[in-house]
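Hi,

Here is the model I promised to pass along. Have a look at it first, and my notes follow below.

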Amino acid sequence: MQPRILLIDSYDSFSFNLASLCHQSLPSPLIHIIKNDTLTLPQLLPLLSSFTAIIIGPGPGSPTHAQDVGIIPALYALPNAHLLPIFGVCLGLQSLGVAFGAKLRRLRVVKHGQISEVVHGGVGIFEGVGEVRAVRYHSLCVDLPSPLPPSTSVFIHTHTSAAETTFTSELEELAHVDDELTENGRVIMALRHRTKPFYAVQYHPESVCTSGGGLQVLQNFFKIAEEWNAEHGRVLEPLEERRTVLVGAPWPRARTALSSSSSSPRTAPRKVHTTTLTHPSLSSRIPELCEALGVLEDDGAPFVLLDSAAAPGRFSIIACLTPHSPVLSYRVGERCLVQTTSSRFSSSSSPSPPGGSSSPGGARIQRHELGDTQDVWSWLKDYMDERRAEGGAEEVPFWGGLVGCVSYEAGVAGSGIPLDARRPRFAEALRPSTAQGRGEGERRKGESQHSDFNLVFVERSVVIDTHTGRTYVQSIVDGDEAWVRATGVIVGEVADKPIGTGLISAGESEATVSAVGKPVVTLPNKERYIRNINAAKEALYAGESYELCLTARTKVAFPAASSSSSRKSKTRPSSSWDKYKKLRASNPAPFSAYIRLQPTTLLSTSPERFLSYSRPTVANSSSSSSSTSTPHKVQKQLCQLRPIKGTLRKSRPGSDSPITRAEAEHLLRGSAKEVAENLMIVDLIRHDLGGVLGPRVNVKSFCGVEEYETVWQMVSVVEGVWEGECGHADGEGGRGGGVGWEVLRHSLPPGSMTGAPKKRSMEILQALEDSERGIYSGVLGYWCVGGGGDWAVTIRSCFKYDDAHAAVEEPPSSSPSSRAPSRASSTSNDIRADDFSGDATEEWVIGAGGAITALSDPEAEWEEMVLKLESVLRSFGALESRGR
Ligand SMILES: C=C(O[C@@H]1C=C(C(=O)O)C=C[C@H]1O)C(=O)O
Ligand SMILES: NC(=O)CC[C@H](N)C(=O)O
């Protein structure tokens, strides 16, 4: 019978990595993963006879807090009749220790993402194991009671071999590390119970940077477990169907090309019409092309550009929207999506959509109720299944589809955290003065009333391959050849214009901006930010988190004069487009974007890919698992994530010569702190990806250093391949949508913007940060009608909501001193610290932040946040005196 493993997940962000290691350690194991608080012991006891062993994973919090460990203590106290082998990791080891009298203590110097040499005796789970260099993620550790003179204590007696030995504990140390005496001294790294089949390690065998102590240790444990089971007459019983519901299907869950919950699409795939043009000059004329395609015509009309303004970006996607392009918006907590189509455009060749109502402004608004078993993601999946297309140019990643942005809060709520919640424990511990109760289902008071999903369905597009100079004019509308031809002509005209004869000259553009006037910049309150850093560090010391990405918001308000320049013109010229052009030029980035989906406008110069997934490819299966004799088809999809952690200013204070690549590599890759920050997110992302894809996840590159306009960044690349049966809708051998969208849904918000473990970190950040993050920290990108997608982390960007200035207003400073001007107020602009009260017509929000670890220096973290902020602020003309 296949080995069956029960993995207890304590809401950690490394659990699927541990599942993956189990998968490699055993022949075809069935791994069931449950949270530590989903089952009671009476529910679990009758199931245990079906399991070879239990793995107790790591987690935030403490083994002495009942709500952190759930059922774990009960497992170490199993009655003999139900006993089975258990392997604990980190919190799992600490719980084993506490269960059998070990003393829990806080480390003096916590270890998060750091590698230590583990000293072991080469026996038991360490048999045959050589040098172990292991990654640690812990703030707590356990000590066994020290041996006492025989006459003074109540001993626990056990009998080993012939000689009677007296022990002070039922536990035996199998490994330790020797931290510096000024740090933590000797710290236990592995334990076993002397008589029960319980083993545990304090380090993380599943981390990508652990060497020696991973696979072989798990293999040894499973060997010992199987021997113990045989010796004790444990014959595995089949897991009855009715009981499987309690522990769920084994991981990874089988996923067909179409999610099992989704109905099969009623429509045949659309055809993509493409014209390919070659204009090498176009790569440098993307803004001009957008202007030729109408971005300046009306600021109220939707316009979207997903731009690749720097390496490693490649394709720039211009959405050519029509009056009937549906803009979909959705706010977390609601049961309907709102679809808006506009009739503000001057011309269209698309037919009118059926149904719907007209608003006084000419916009048509349709509400789509979510079905009883539907959430917004499954609704979008069905929407995309109905609109799938084929036949486009294979080398073009986007043929049409949904484009836009998804907020940070959409991910928070999707992780099961209520947006109105501040866990009382954190609220009390971290911010005693601001904890307030809120009603069920409400967002925090004064929070954004804006949509968390802002997407438009794009049928026509121009995609520029900035590497090859090839430009693709594409439409998925039937009979759209005339539009494709006409647009090809416009593309050619822009490409052929002599340099310096742009449609809008640089001079004109400048004039618009200068008429807007100097912005009023309201920086985050430094004192409060530093207080939050210290509170975050306290949470890290307590074992509540391993890394926290703390952020704050800056507001940039343009005075009322800004509208004067537009009075002369009939339509509203787009001041946001001017700002985007300046931002793009001053901070070129691979995931730049201009997304204008009123009332939301987002300007991005993000360097960070969150997730891309290739268009699924179909191949004949080479596996013999198919029961039918006909060759069956499988789909493959490559998923890639590129987390960034580690940021270094390029300029050198007081010098004209910037930091060179060699120096940056030395400073970033040589820093234990920066590498640890990156490693933690890499492990988190492996887990996120593994949750959907299973064990086929690889770290393709670790801590590479990439150059951007103002900063050096340390970037890792994590990839995974999904392989699955073609869904029923693909009976003809066509391809379905793949599972990339599911990876996206399950991995939001981006781990690099939360820290690890994700859930607890989000809760702590929610308690610390004063307002919702909104669009910042979420993702922007596309979901292609061919099944691929590419989403960037929304950072180094700014956004505005046109219908409310107060949407992300932070509460006023609590102390008079917090109004003191911060360092940046020495610039020529009016930069204030958190006391904004301007009569603005246009208010932009810029989020910025950074990962806080136990090693963080608060001043340096504030500077890092300001550095990231500056990369955007510069383009507002707000930072002349700071240089770059
Ligand atoms: C929080 C931001 O950036 C995040 C934090 C980084 C870091 O701590 O080094 C790097 C990239 C992002 O994942 C931001 O740009 O605002
Ligand atoms: N990785 C873990 O399981 C950590 C356990 C515990 N929260 C600590 O910080 O020590």
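Let me start with a loop residue. Leu144 touches Ala102, Ser169, Leu171 and Glu173, leaving aside residues up to four places away in sequence; two residues count as in contact if their C-beta atoms, placed from the backbone, lie within 7 Å. Leu144 sits in the loop between β6 and β7 (156–159). Helices (H or I, at least four residues) and strands (E, at least two) are DSSP runs, numbered from the N terminus. From Leu144 to Glu173 is 29 residues in sequence and 8.0 Å in space, C-alpha to C-alpha. Leu144 is partly exposed, with 19 other C-beta atoms within 10 Å. For the burial terms, a residue is buried if 20 or more other C-beta atoms lie within 10 Å of its own, exposed if 12 or fewer, and partly exposed in between, with C-beta atoms placed from the backbone.

Some housekeeping before the rest. This is a predicted model, so local features need pLDDT of at least 70 and side-chain atom pairs count only at pLDDT 80 or more, while totals for chains, interfaces and linings use all residues. Residues are numbered from 1 along each chain as its sequence is written, and chains are lettered from A and ligands numbered from 1 in the order in which they are written.

Now the overall picture. The protein has 20 helices and 40 strands, and 50% of its 884 residues are buried. Of the contacts between residues at least 6 apart in sequence, 78% join residues at least 24 apart.

There are two domains: domain 1 (4–247) and domain 2 (269–514 + 591–616 + 637–726 + 736–817), with bounds that come from an automatic or database domain assignment. Their contact takes 19 residues from domain 1 and 21 residues from domain 2. On the domain 1 side, α1 (15–25) and β5 (103–120) are the elements that give two or more residues, and α1 gives the most, with 6. By class, that side has 7 nonpolar, 11 polar and 1 charged residues. Here Ala, Val, Leu, Ile, Met, Phe, Trp, Tyr, Cys and Pro count as nonpolar, Asp, Glu, Lys and Arg as charged, and the others, Gly among them, as polar.

What about the core? The largest nonpolar core (a set of buried Ala, Val, Leu, Ile, Met, Phe, Trp, Tyr and Cys residues joined through C-beta atoms within 7 Å) has 217 residues, and Ala53, Ile54, Ile55, Ala200, Leu289 and Val456 have the most contacts inside it. Helix α17 (residues 672–693) provides the largest share, 11 residues. Both domain 1 and domain 2 give residues to this core, so it lies between them. Ala53 touches Ile5, Leu84, Pro85, Ile86, Phe87, Phe222 and Ala225, again not counting residues up to four places away in sequence.

You'll probably want the ligand surroundings. A residue is taken as near a molecule if its C-beta atom, placed from the backbone, lies within 6 Å of it.

- Ligand 1: 18 residues surround it, the closest being Thr647, Ser752, Ile795, Gly849 and Ala851. The elements giving two or more residues are β26 (547–559), β32 (644–649) and β40 (840–852). The most come from β40, with 5 residues. The shell divides into 7 nonpolar, 7 polar and 4 charged.
- Ligand 2: the residues around it are Pro58, Gly59, Pro60, Gly61, Cys90, Leu91, Gln94, Tyr137, His138, Ser139, Leu140 and Gly543. Here α5 (91–99) and β6 (132–143) give two or more residues, with the largest share, 4 residues, from β6. This shell divides into 6 nonpolar, 6 polar and no charged.

How enclosed is α5? All the way through: 9 of the 9 residues of α5 are buried, so it is largely enclosed by the rest of the structure. After α5 comes Gly101, whose phi is positive, near 85°.

Last, a spot in domain 2. Phe453 is in strand β22 (residues 453–458) and counts as buried because it has 21 C-beta neighbours inside 10 Å. Phe453 touches Leu328, Ser329, Tyr330, Val376, Val406 and Ala410, with the usual exclusion of residues up to four places away in sequence. One of these, Val376, is also among the buried residues of helix α9 (residues 376–386), with Leu380, Lys381, Met384 and Asp385. The cover over the buried residues of α9 includes β22, along with β16 (327–330), β17 (336–341), β21 (401–406), α18 (740–747) and β36 (779–784).

Cheers
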